[in-house]
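Dear colleague,

I am handing over the structure below, and my notes on what was found in it follow directly after. Please read them with the coordinates open beside you.

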Amino acid sequence: MARKKIIAGNWKMNMTPSQAVELVNTLKPLVVNDDVDVVFCVPAIDIIPAMEAAKGTNIHIGAENMYFEEKGAYTGEISPAMLVDAGVKYVIIGHSERREYFAETDETVNKKVLKAFEHGITPIVCCGETLTQREQGVTIDFVRQQIKIAFLNVSAEQAASAVIAYEPIWAIGTGKVATTEQAEEVCKAIRECIAEIYDEATAAAIRVQYGGSVSASNAAELFAQDDIDGGLVGGASLKPDFGQIVCYNK
Ligand code: PEP
């Protein structure tokens, strides 16, 4: 069965609650595409108002992060049960900005992935190399290691429903998009890695996104690749351009 594309916006630390409502209202008529699962991953404080504004539309509201414990003395964190209660179905795990600024590691990513599945939330698991790693020719080894650790103790059935976002760090927020060949090569290698860990059926089912300066002008070519099942979009998800990205095939 063909995989359904999934295109997710990552708002990062942008939009106050009232701005979030305004942005959802602006984008909702622009992001209608039955061929695509559309997700807006928003700051925690925006989840409930954005969810309300998106009611009755095809937009899923997702989270940008989640903690791996159930509850308790973890000041400032957000629990999986809080996300579930708010109606969240998707959560970004291990974005490179969280790894860089908030000390997330492959091990904490794995704990969060397991916890998300335990609560029925689909993780969007981020991976990707630095420019130095690419220049040293270790991109695929590095990304395979990230994936192998992120999916430790995850069942095949869970993995089949997961989303992986391949995001070369040098392409995030820089306007420097990976070439279509570079993006496809790594997304394909990720799928092969999933086949090695699990089996061909799991690899055929899992959705692999590309992220890194996706725009209205490069989305169609990137998403046409065999192993690229959509995108994780930062900057352009805050603009009407996101409508063109979601409707890349129209
Ligand atoms: C991201 O935040 O995941 C991202 C890919 O950002 P941008 O699209 O702005 O490069």
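**Exposed and buried positions**

At a relative accessibility of 61%, A103 counts as exposed, and this residue belongs to the loop that runs between α4 (96-101) and α5. Before going further, please keep in mind that the model is predicted. Its mean pLDDT over the chain is 97, and 100% of the residues score at least 70. Taken element by element, the lowest mean pLDDT, 96, belongs to helix α6 (residues 131-135), while the highest, 99, belongs to strand β2 (residues 36-42).

A2 is likewise exposed, with a relative accessible area of 69%, and it sits in the segment before β1 (5-10). Measuring from C-alpha to C-alpha in the model is not needed here, as the value is already computed: A2 and K111, which are 109 residues apart in sequence, are 30 Å apart in space.I245, by contrast, is buried, with a relative accessible area of 0%, and its place is in helix α12 (residues 241-246). Once the neighbours within four places in sequence are left aside, the residues in contact with I245 are I7, V214, S215, A216, A219, F223, V233 and A236. For one of these, A219, which is 26 residues away from I245 along the chain, the C-alpha atoms of the two residues are separated by 5.8 Å.

**Backbone angles**

Most residues other than glycine have a negative phi, so two positions deserve a look. A103, the exposed loop residue, has a positive phi of about 60° although it is not a glycine. S213, also not a glycine, has a positive phi of about 55°, and this residue is placed in the loop between β7 (207-211) and α11 (219-223).

**Helix packing around α7**

Two packed helices are described by the angle between their axes and the distance between the axes, and the two pairs below are set out in that way.

For helix α7 (residues 139-150) and helix α9 (residues 180-197), the axes come within 10 Å and cross at roughly 45°. Angles under 35 degrees count as roughly parallel and those from 65 to 115 as roughly perpendicular, and α7 and α9 are therefore oblique to each other. The crossing in which α7 passes α9 is right-handed. On the side of α7 the contact is made by T139, I140, V143, R144, I147 and K148, and on the side of α9 by E185, V186, A189, I190, C193, I194, E196 and I197. Sorted by class, this contact of α7 with α9 has nine nonpolar, one polar and four charged residues.

The other pair brings in helix α5 (residues 106-118), which packs with α7 at an angle of about 40°, the axes being 8 Å apart. By the angle ranges already given, α5 and α7 are therefore oblique to each other, and their crossing is right-handed. Here D106, E107, V109, N110 and V113 in α5 meet Q145, Q146, I149 and A150 in α7. The class count for the contact of α5 with α7 is four nonpolar, three polar and two charged residues.

With best regards

Conventions: Residues numbered from 1 in each chain as written. Predicted model: local features only at pLDDT ≥ 70, side-chain atom pairs only at ≥ 80, totals over all residues. Heavy atoms only, no water. Axes fitted to C-alpha atoms, helices over the stretch in contact; angles between N-to-C directions. Helix = DSSP H or I, 4+ residues; strand = E, 2+ residues; numbered from the N terminus. Parallel < 35°, antiparallel > 145°, perpendicular 65-115°, else oblique. Left-handed = near helix turned anticlockwise from the far one by under 90°. Contact = heavy atoms within 4.5 Å. Nonpolar A, V, L, I, M, F, W, Y, C, P; charged D, E, K, R; others polar. pLDDT = per-residue confidence, 0-100. Buried < 20%, exposed > 50% of the residue type's maximum accessible area, 1.4 Å probe, protein only.
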